[in-house]
Amino acid sequence: MIVYKRPESLSDVPMHYCPGCTHGIVHRLVAEVIDELGIENDTVGIAPVGCAVFAYNYFECDFIEASHGRAPAVATGVKRTHPDKIVFTYQGDGDLAAIGTAETVHAAARGENITIIFINNTNYGMTGGQMAPTTMPGQVTTTSPYGRQKLIQGNPIHVCEMLSTLDGVAYAERVAVNNVKNVRAAKRAIKKAFQNQIDKKGLSIVEVLSTCPTNWGLSPVDALKFVDEKMIPFYPLGVYADRNAMGGDEND
Amino acid sequence: MNKVIFETERCKGCGLCAFACPLKIISLDSGKLNGKGYHPASVTSPEKCIACASCAVMCPDAVITVIKE
Amino acid sequence: MSKVLIKGNEAVAEAAIRSGCRYYFGYPITPQTEIAEYMAKTMPKVGGLCLQAESEVAAINMVYGAAASGVRVMTSSSSPGISLKSEGVSYIVGCDLPCVILNVQRGGPGLGGIQPSQSDYYQATKALGHGDMHLFVLAPSSVQEMASLTSDAFTVADKYRMPVLLLADGALGQMMEPVDFDKISFSNPPEKPWAANGHGGARKKNIITSLYLKPEELEDTVLKRAEKYKLVEENEVRYEEYLCGDADIIIVSFGITARISKSAVNEARKNGIKAGLLRPITLSPFPSKKLRQLADTASAFLSVELNMGQMVNDVRLATECKKPVYFYGRTGGSMPSSEDVYEQILAINGGMKK
């Protein structure tokens with residue numbers, strides 16, 4: 001009896017992510033959820049600009065490449081014209097919380113009935129580890145070489161907390177994928193975020209604390225520990241919104 | 001006997017499976033290299049495997065299949 | 001509603017709906033906000049959607065998403081807003097997606113003014129976005145054309161899978177003229193098997209992307225698109241020719257200034273000067289072949305524009321400078337009178353006599 005095998009909707013191709021990068025785990029979880037909900041036929045994914053720019057090569061469902069930060073707007077364009085389809089965006093912290101903040105906030109405020117998978121690895125990975133809106137105080141990146149300093153680079157953004165204040169948000173949970181227990185919990189959250197869309201409850205977002213071994217300069221396993229020791233205390237896991245925001249389609 | 005199959009050519013030798021395995025029976029085979037130059041992971045004592053699939057749950061590249069007899 | 005007295009902006013909105021467009025994403029900006037207002041009132045009645053985005057950037061990306069999933073979709077703005085959309089437009093070109101974008105131009109640069117202008121000509125015809133790209137640019141010159149060219153825009157966009165830009169101005173947007181919708185032919189959208197709207201288990205997945213990290217691959221897509229533009233140039237160039245056959249002085253002008261120039265041409269003819277007007281309706285592709293022919297017979301050209309001289313250089317290129325090409329323009333929102341244009345004709349004509 002097969003206990004675990006590669007999900008069907010995860011394309012059978014090698015992924016370009018760095019060794020130990022937990023983007024891969026989240027891709028797997030999304031694909032497992034798509035399989036279990038049986039929605040691959042009706043799903044359209046929106047890929048960001050960032051390490052996950054090639055996400056469209058890794059899923060078997062239709063995919064659209066969004067320009068940097070604009071995935072929630074692109075998703076709105078797809079969902080509003082195809083309310084019966086399942087639309088999800090997969091975005092990094094620079095994409096969602098820097099250049100795409102307006103698109104994120106307004107898609108949430110409108111209660112777009114979409115699912116957002118938000119990867120928070122505290123830096124711009126693809127371009128080599130620059131400071132992101134989620135870079136933590138004192139954290140060194142290539143554009144905060146002396147550690148992030150409040151008076152110069154300002155303060156990080158807590159996305160789940162921020163978005164939970166918007167009435168259109170049905171569900172906002174922050175999870176992590178740095179150990180088996182957390183990965184299993186993350187999958188439950190992702191599944192709920194997709195189920196919410198099927199049930200037309202409004203916008204659902206899962207913020208995933210993720211590792212970036214290469215740019216953090218840590219081994220993949222030490223990067224998992226960094227999440228425990230540094231990220232989770234600063235970005236507490238948990239549910240920040242869980243309601244029926246009656247978003248999107250009901251009002252059409 | 002429970003079986004854990006690794007798609008060794010796709011393994012990136014990241015070690016997350018070894019970290020996740022509760023029985024610590026997975027290791028990176030430093031004696032071998034796959035096509036990408038990584039030391040692929042493998043189960044050192046398969047008979048101890050309880051097919052909990054923790055390794056598969058942690059694998060970022062979905063290279064692990066777990067079969068329970 | 002076959003014949004109706006209607007504002008240019010609203011004529012565009014009505015024509016879009018009659019073209020089967022059911023999705024409009026907009027943002028308020030003078031002088032084109034009536035379009036969003038008209039859409040907000042009308043779309044719900046036809047089972048469509050008018051969504052006001054948080055910015056023009058978001059709006060063009062909503063258009064991108066809708067177009068990528070295979071529906072007829074439109075957005076509109078005015079000069080500063082169009083600048084904000086330029087990255088999105090480049091993506092739409094890079095993915096070969098059909099959509100319609102309207103620019104109701106206002107004086108620029110910067111916040112500029114809210115009076116009519118044609119100072120976005122270069123932006124529209126040369127580079128409304130980064131990379132090797134062209135748009136199909138249509139320039140209406142009446143409220144009837146605001147409607148008819150909107151229909152044509154959707155047809156061309158779907159026929160060639162490319163974004164089409166309607167380049168109007170504040171005058172055309174705000175003025176009211178009768179429009180006979182029965183005189184306009186509307187097309188139905190074709191099948192779009194390439195769209196990303198859920199493969200339904202019936203086809204392989206579709207990917208809509210403009211990303212090609214391998215240079216040869218990107219070059220290949222750009223070259224293929226260039227072939228498409230050649231086809232567009234061969235089949236879709238449009239212009240209006242008025243009294244050019246025996247004309248010595250030919251005015252080249254589009255949009256609102258073409259109407260003013262026509263009055264000046266008539267005035268010149270009354271005074272024994274053989275003047276004519278060549279009005280480009282497609283600014284891209286530009287009617288270069290026609291102008292090259294006219295350069296054999298005409299003695300001089302005069303480009304009349306609402307800017308500091310932009311199309312004049314395309315006229316020079318098209319006529320290969322065989323004959324002198326003069327320029328007369330007002331900018332900032334100021335508008336020339338037909339007498340102003342007529343004086344230019346007199347000056348050119350006088351200059352030729354000496």
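Buried area is the accessible area that two parts lose on being put together, summed over both. In this predicted model, chain A and chain B bury about 2,200 Å² between them. Carbon and sulfur atoms account for 63% of that area. The contact involves 29 residues of chain A and 26 residues of chain B.

One salt bridge is found across the interface of chain A and chain B. Its partners are the side chains of A:D12 and B:R10, at 2.8 Å from N to O. Polar contacts between chain A and chain B number 10 residue pairs. On the side of chain A that touches chain B, four elements give two or more residues: β1 (2–4), α1, α7 (180–198) and α9 of chain A. The residues of this side divide into 19 nonpolar, five polar and five charged.

Strand pairing also links these two chains. β1(A) pairs with strand β4 (residues 64–67) of chain B. The sense is antiparallel, and the pairing runs over two bridges. Within it, A:I2 stands opposite B:I67 in β4(B). Strands of a sheet pair through backbone hydrogen bonds, either parallel or antiparallel.

The second interface joins chain A to chain C. Two pairs of chains touch, and the pair of chains A and C has the most contacts. Chain B and chain C do not touch. Their nearest C-alpha atoms lie 21 Å apart. Chain C gives 33 residues to its contact with chain A, and chain A gives 37 residues. The area buried between chain C and chain A is about 2,600 Å². Carbon and sulfur atoms give 59% of this area. Three residues, C:E54, C:H199 and C:K205, supply 21% of the area that chain C buries against chain A. No other three residues supply more.

Two salt bridges are counted between chain C and chain A. In a salt bridge of 2.8 Å (N to O), the side chain of A:R110 meets that of C:E54. C:E54 is also among the three residues that supply 21% of the buried area on chain C. The count of residue pairs in polar contact between chain C and chain A is 19. Several elements build the side of chain C that touches chain A. At least two residues come from each of β2 (23–26), β3 (49–52), α3 (56–68), α4 (79–94) and β9 of chain C. The most come from α3(C), with eight residues. This side of chain C divides into 18 nonpolar, 11 polar and four charged residues.

A sheet crosses from chain A to chain C. This open sheet has eight strands with mixed pairing. The order is β10(A)-β8(A)-β9(A)-β5(A)-β4(A)-β2(A)-β3(A)-β9(C). The edge strands are β10 (238–242) of chain A and β9 (207–208) of chain C, each pairing on one side only. Strand β3 (residues 62–65) of chain A runs parallel to β9(C), and two bridges join them. At this junction, A:F63 stands opposite C:I207, and A:I64 stands opposite C:I208.

Two helices of chain A pack on the sheet. Helix α1 (residues 23–37) touches β2 (43–47), β4 (86–92), β5 (115–120) and β9 (203–209) of chain A. The direction of α1 makes about 175 degrees with that of β4(A). Helix α9 (residues 220–234) touches β5, β8 (169–176) and β9 of chain A. The direction of α9 makes about 135 degrees with that of β9(A). Both α1 and α9 of chain A also give residues to the side that touches chain B.

Some backbone details complete the description. Most residues other than glycine have a negative phi, and most peptide bonds are trans. The peptide bond from C:G108 to C:P109 is cis, with omega near 0 degrees. C:P109 is found in the loop between β5 (99–105) and α5 (121–125) of chain C. Another cis peptide bond joins C:S284 and C:P285, with omega about 0 degrees. C:P285 lies in the loop between β13 (282–284) and α10 (288–297) of chain C. In chain B, B:A51 has a positive phi, near 55 degrees, and is a residue other than glycine. B:A51 is placed in the loop between β3 (41–43) and α2 (54–58) of chain B.

Definitions and conventions
Residues are numbered from 1 along each chain as its sequence is written. Chains are lettered from A and ligands numbered from 1 in the order in which they are written. This is a predicted model: local features need pLDDT of at least 70, side-chain atom pairs count only at pLDDT 80 or more; totals for chains, interfaces and linings use all residues. Side-chain values use heavy atoms; hydrogens and water are left out. Two strands pair if DSSP finds at least two bridges between them. Contact means heavy atoms within 4.5 Å. Axes are lines fitted to C-alpha atoms, for helices over the stretch in contact, and angles run from 0 to 180 degrees between N-to-C directions. Buried area is the accessible area (1.4 Å probe) that two parts lose on being put together, summed over both. A salt bridge is a side-chain nitrogen of Lys or Arg within 4 Å of a carboxyl oxygen of Asp or Glu. A polar contact is a pair of N or O atoms within 3.5 Å; within protein, one must be able to donate a hydrogen and the other to accept it, and residues adjacent in sequence count only if both atoms are side-chain atoms. Ala, Val, Leu, Ile, Met, Phe, Trp, Tyr, Cys and Pro count as nonpolar, Asp, Glu, Lys and Arg as charged, and the others, Gly among them, as polar.
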